[in-house]
Amino acid sequence: MSLTIERYGGNESEWDKFMLDESMNGTFLQTRKFINYHAKGKFKDCSLCIRKGQELMAAVLACEVDDDGTKTFFAHKGTTFGGITISRKIYTASLIDELFTLLDDFLKSENFGKVYLKLVPVVFQRENTDMIDYFLYKYGYMCRGELNCYITLSNYGDDIALQFSTNNRRNYRYSLNKGLAFRELNEHKDISSFYEVLQKNLKKFNALSVHSLDELYDLKYNRFNDRIKFYGVYLGEKLVAGSMVFLFGNDIYHTQYLASDKDYLKLFPMDFLIANLILTAIHDNMRLLTLGICTEDQGRYLNFGLSRFKEGFGATFCVNRSYEKLQEISVEQPMTEPELIAKMRTANSEQRTALILFSKFTDINLSLMIYVIQGKYFFMLWGAGNVRKNF
């Protein structure tokens, strides 16, 4: 094989340069500069580097999580999307196939029972990487899709409302006469006001924001001042709607959060906000404005009201794809009871879990105990008359 795979070794500058400058589908959300805003120790990092010789050719930002007792390789819990990021230099069928063989073998050798990859949506990729989707299918991954809304800004003329639906156009023009003002938020107090509206908005859905207020400050002022913006809609000095916006590449604005105060909905501040975000994106020579997903529960539920609202501004759709795979786990040969007891006594509490399954076959009661010790499975059968040992 010409490629090799290894765990990420801590070279942040190499990693971030690859993501931003050398990959086909990397974004700032996969950089170490971004992921490190999380508190140290929040995630157990298991990111991977794929090299050809010494040159970095692909990378996977990932963490290890426990999913109902299953050791899971997740790319990544701490960012909106991640998956496999690759260089054009290996974008051939034979090398991508080799990459997936390496990845598959590595994850099995590390006893991962499940793999979950959230891919970078096609609208954010610098170059198309459809071949990754094919090989994920080829290697047995199951695809989940979420419906993502985006606006092509070249579709708008001088009067952007002409591209709106009848309802959205009426609501936007109504809001223009209600004393609302749109402006960028740069001060701590203004971002704090936005955060209050966001929390109030999420409370309606019994949800919490992904970020704390301090994390928003950190991302804005310490890490990505040039890539993260906040905008607000004011009625006098009261912020009634707002958005956190990410800049991808040099031509895409993405609304990471959109929120409005429910006490002022009769003024249609959200229609006013999105219309002004469109105008701002056009002024800043953006190509696309993305409005986020309108699905829930990993795409199983489509919120038609939300999709109609976003479509009403001229939005169309693409699919955000995530892939999941259950790995084959090798099972050791059956052990004798003394051997099992000895292994259980030498394993610490973090290395062992036990699952008891009871089955009844006619007039015979049998119990099956499956133990997971240091990532490997062991099992033991015993009859109803046996006394189960406690370890």
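Helices (H or I, at least four residues) and strands (E, at least two) are DSSP runs, numbered from the N terminus. The model is predicted: local features need pLDDT of at least 70, side-chain atom pairs count only at pLDDT 80 or more, and totals for chains, interfaces and linings use all residues. Residues are numbered from 1 along each chain as its sequence is written, and side-chain values use heavy atoms, with hydrogens and water left out.

**Sheet**

Four strands form an open sheet in the order E1-E3-E4-E7, with antiparallel pairing; two strands pair if DSSP finds at least two bridges between them. Strand E1 (4-7) and strand E7 (84-86) are at the edges and have a single partner strand each, so one side of each lacks a neighbour in the sheet. From one strand to the next the twist averages 25°; axes are lines fitted to C-alpha atoms, for helices over the stretch in contact, and angles run from 0 to 180 degrees between N-to-C directions. Strands E3 (residues 48-52) and E4 (residues 55-60) run antiparallel and are joined by five bridges. Ile-50 has Ala-58 in E4 as its bridge partner. Helix H1 (residues 12-22) packs on the sheet and touches E3, E4 and E7, its direction making about 80° with that of E4; contact means heavy atoms within 4.5 Å.

**Helix pairs**

The axes of H5 (residues 166-175) and H8 (residues 269-283) come within 8 Å and cross at roughly 90°. H5 and H8 are therefore roughly perpendicular (65 to 115 degrees) to each other. In this contact Asn-168, Asn-171, Tyr-172 and Ser-175 of H5 meet Asp-271, Phe-272, Ala-275 and Leu-279 of H8.

For H3 (residues 93-109) and H4 (residues 130-138), the axes come within 10 Å and cross at roughly 50°. H3 and H4 are therefore oblique to each other; angles under 35 degrees count as roughly parallel, over 145 as roughly antiparallel, and those outside these and the perpendicular range as oblique. The contact is made by Ala-93, Ile-96, Asp-97 and Phe-100 of H3 with Met-131, Ile-132, Phe-135, Leu-136 and Lys-138 of H4.

**Backbone exceptions**

Most residues other than glycine have a negative phi, and most peptide bonds are trans. Ala-75 and His-76 are joined by a cis peptide bond, with omega about -5°; His-76 is in the loop between strand E6 (70-75) and E7. Two residues that are not glycine have a positive phi. Exposed means over 50% relative accessible area, buried under 20%, and partly exposed in between (1.4 Å probe, protein chains only).

| Residue | Phi | Loop | Relative accessible area |
|---|---|---|---|
| Asp-68 | about 50° | between E5 (63-67) and E6 | 78%, exposed |
| Gln-298 | about 55° | between E15 (295-296) and E16 (301-302) | 31%, partly exposed |
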